[in-house]
Amino acid sequence: MNTSATFGVGTPSESDFRDTRGGDMSEIGLTKGHVTVGSVEIQAAKMTARGVNIFYGDKQAIHDVTVDIGKNQVIAMIGPSGCGKSTFLRSLNRMNDTIDGCKIEGDIRIDGEDLYSPKLDVVELRARVGMVFQKPNPFPKSIYDNVAYGPKIHGLAETRVDLDEMVEKSLRRAGLWDEVKDRLFQAGTGLSGGQQQRLCIARAIAVSPEVILMDEPCSALDPIATARIEELIEELSHNFTIAIVTHNMQQAARVSQRTAYFHLGRLIEVNPTEQVFTNPEHSLTESYITGRFG
Amino acid sequence: MHANNLLLLLLAFVAAAFYVGRGRANHIAKLAGGSRQLHSLPDYHGHYTALCCGLPAVLLLILWIIFSGHVISAMVLDSLPAGQFLGDPGGRELLANKIANIAQGVLPKANQPAILVAAAEELNRLTQISRWSVTALASCVSLVGLIWARSRITPELRSRPRVEASIRYALFFCACVAVFTTFGIIFSVLFESLQFFQSVPVVDFIFGLEWSPQTAIRDDQVGSSGSFGAVPLFVGTLLVSAVAMVVAVPIGLMSAIFLAEYAHKSVRAYAKPALEVLAGIPTVVYGFFAALTVAPFLRDLGQGYGFSVSSESALAAGLVMGVMIIPFISSLSDDVITAVPQSLRDGSLAMGATHSETVIRVVIPAALPGIVAGIMLAISRAIGETMIVVMASGLAANMTFNPLDSVTTVTVQIVTLLTGDQEFDSPKTLAAFALGLVLFLITLILNIIALKVVKRFREQYE
């Protein structure tokens with residue numbers, strides 16, 4: 001274990017430290033007392049995470065993550081597979097609750113309200129923080145019913161006309177209206193992959209959330225559908241706060257204002273996207289974006 | 001030699017043929033420079049030789065088993081003087097039976113006409129000859145097959161595709177056995193039913209409102225006609241099945257939803273097998289539980305509230321049948337509910353739906369085709385169920401929709417029509433086959449619908 005850091009800012013003196021994943025952290029320049037570099041805090045924060053640790057059973061997936069998510073901004077979360085970025089994203093609307101043995105420590109707030117306080121209604125939280133998943137998952141219902149699902153369960157529409165309007169508005173904002181307006185009552189599962197993903201986005205924005213979490217929304221799509229979704233993210237960012245997890249660094253560079261780089265469960269660096277991709281502060285970030293690993 | 005021994009002998013030949021063929025192939029391979037020079041591996045050549053050795057001989061043996069008895073008895077009968085036949089076509093068969101019985105010593109030879117004893121001895125002699133000749137012939141055929149196949153083994157011989165094809169045919173044959181058995185059952189029931197419909201018109205049977213299958217032995221007896229209107233029976237079947245489904249569908253479905261969606265893993269690990277134990281209880285046990293426990297309890301309960309409940313009520317039989325069917329529905333529904341992708345649940349939960357809203361609005365609709373198919377199968381199970389209703393629902397063919405009354409079902413009537421000593425050509429017994437046919441058609445249609453629905457479900461998710 002007498003190894004020295006090949007790169008990075010960590011001190012190799014803490015060579016007795018081992019990550020719970022079994023990796024030798026000191027080798028890649030991570031130390032136990034690692035502090036995220038860059039600008040973790042910003043002025044207009046919609047959501048704040050402070051000292052967040054997430055465990056699956058005995059295994060720690062997220063170590064001491066502190067970051068702000070800016071209002072009406074897109075923050076991209078990048079990093080190698082298994083670095084915990086999806087886990088962290090799911091903790092932002094408590095989707096980890098559905099996973100057995102998942103435990104969260106630390107403090108996450110939306111507009112200053114504690115997400116994990118016993119007083120918080122998780123149903124209401126998820127209506128405020130919507131989510132789009134990696135694989136398009138339209139319900140086996142009609143296109144109309146897919147979009148109307150949220151407004152119906154939250155009682156947002158008083159009349160059928162209201163509901164029709166909401167469905168149309170959501171589909172228009174998701175850029176899907178023109179393609180599906182003649183077949184609203186056909187099955188949503190019959191659409192193409194890219195259309196399905198836009199349907200899922202329409203479904204998510206139909207309840208007018210404040211934040212939209214996107215977990216690799218384009219990884220199952222072809223380049224044209226991906227470009228379409230990226231345009232959509234850009235448009236949506238004027239009204240919504242968006243956190244997007246992606247494996248595609250070009251995508252992160254194209255759609256986001258800020259970028260957070262995760263590595264082995266730790267948040268390494270958060271900075272304006274332009275800086276991360278042109279002049280990263282941390283050597284690990286640099287190694288990742290230049291393709292040395294990942 | 002007896003056919004079984006002959007079969008053993010052939011088996012030995014086949015085993016030998018495999019080793020001969022494989023050895024030959026190995027030898028040839030060595031000469032040609034390794035087994036890579038062969039088109040097929042030595043094992044395949046072995047199997048090929050074994051097939052050539054065994055198949056023709058076994059086919060021969062099968063043909064012999066089917067035809068030899070008929071041929072020999074025909075030869076014996078033809079050797080008798082013409083006057084021995086009783087004249088009608090059945091007489092010939094009776095005589096053949098009698099001779100066979102004498103030959104096997106079932107009938108003592110002492111008090112039989114000499115001519116029949118002689119015929120019996122002739123029969124024994126011919127049978128003996130035929131056995132030895134088939135032994136010799138089959139052995140020859142298998143040996144010839146073995147030698148022929150062995151001589152054909154060359155590096156170029158394409159044994160692999162042939163063995164592969166033979167496996168396909170063997171599997172096809174097995175599948176055919178199942179299908180032909182089904183057809184055999186259908187036709188046997190169908191022919192008996194046609195015979196029944198010659199004495200009772202189809203329309204009277206299917207639309208008749210009165211069921212009393214007693215036919216007189218003598219013409220002058222009272223109530224000699226008998227009436228075969230099956231409607232009361234089907235109404236009874238429907239009533240009992242309906243009661244059973246009213247019990248089984250909600251309980252089965254709810255327990256499936258609980259197990260699949262709400263139960264903790266450890267609870268599920270015990271609760272699911274416990275529920276499936278219900279499926280393992282013999283129906284006869286359910287039957288006496290219904291007849292001796294549930295039915296009297298319901299009767300007493302009814303008396304307490306001023307209802308007149310028959311001591312053999314459709315309700316008692318239906319309730320117990322429902323309990324029997326619960327594991328069917330819960331197990332099948334649990335499977336389809338668990339098969340609904342987690343991503344759909346996540347999608348719904350992420351919209352801010354509660355767990356119950358997710359289950360009701362997303363999971364159940366997605367699983368519905370599978371659930372419906374399970375219910376359909378359960379209905380056909382309920383309609384065909386016999387033991388419980390025999391013991392608990394009575395024999396009176398009442399035309400009623402009141403579950404507190406005693407009713408009888410199609411299956412119960414089939415049982416009572418066919419148990420005991422019966423003539424097999426009276427409408428009374430033949431009616432059982434007609435009932436069976438209609439019952440079969442109903443369950444068949446339900447199963448087809450269920451399979452169609454299941455297929456649609458699969459297409460949606462795979």
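Is Phe18(B) buried or exposed? At 14% relative accessibility, Phe18(B) counts as buried. Please keep in mind that this is a predicted model. Here is a short tour of its aromatic pairs, two charges over rings and one bent helix.

**Aromatic pairs**
- Across all chains, a search of the whole structure turns up twelve aromatic pairs.
- One of them joins Phe18(B) and Tyr19(B) edge-to-face, with 5.3 Å centre to centre and 80° between the planes.
- Phe18(B) is the buried partner at 14%, whereas Tyr19(B) counts as exposed at 53% relative accessibility.
- Trp211(B) and Phe228(B) also pair edge-to-face, because their planes stand at 85° and their ring centres are 5.8 Å apart.
- This pair links distant parts of the chain, 17 residues apart: Trp211(B) belongs to strand E1 (residues 211-212) of chain B and Phe228(B) to strand E2 (residues 227-228) of chain B.
- Trp211(B) is buried, with a relative accessible area of 7%, and Phe228(B) is buried too, at 6%.
- Trp211(B) and Phe228(B) belong to a cluster linked by ring pairs, together with Phe196(B), Phe197(B) and Phe205(B).

**Charges over rings**
- In chain A, Lys103(A) lies over the face of Phe55(A), 4.5 Å from the ring centre.
- In chain B, Arg168(B) lies over the face of Tyr169(B), at 6.0 Å from the ring centre.

**A bent helix**
- Helix H12 (residues 355-384) of chain B spans only 38 Å between its end C-alpha atoms, while a straight helix of 30 residues would span 44 Å.
- At Leu368(B), H12(B) bends by about 55°, and the proline Pro369(B) follows within four residues.

Methods
Residues numbered from 1 in each chain as written. Chains lettered and ligands numbered in written order. Predicted model: local features only at pLDDT ≥ 70, side-chain atom pairs only at ≥ 80, totals over all residues. Heavy atoms only, no water. Helix = DSSP H or I, 4+ residues; strand = E, 2+ residues; numbered from the N terminus. Expected span 1.5 Å × (residues − 1). Bend = angle between axes of the 7 residues up to and from the residue. Phe/Tyr/Trp six-rings, centres within 6.5 Å; stacked < 30°, edge-to-face > 60°. Buried < 20%, exposed > 50% of the residue type's maximum accessible area, 1.4 Å probe, protein only. Lys NZ or Arg CZ within 6 Å of the ring centre and 35° of its normal.
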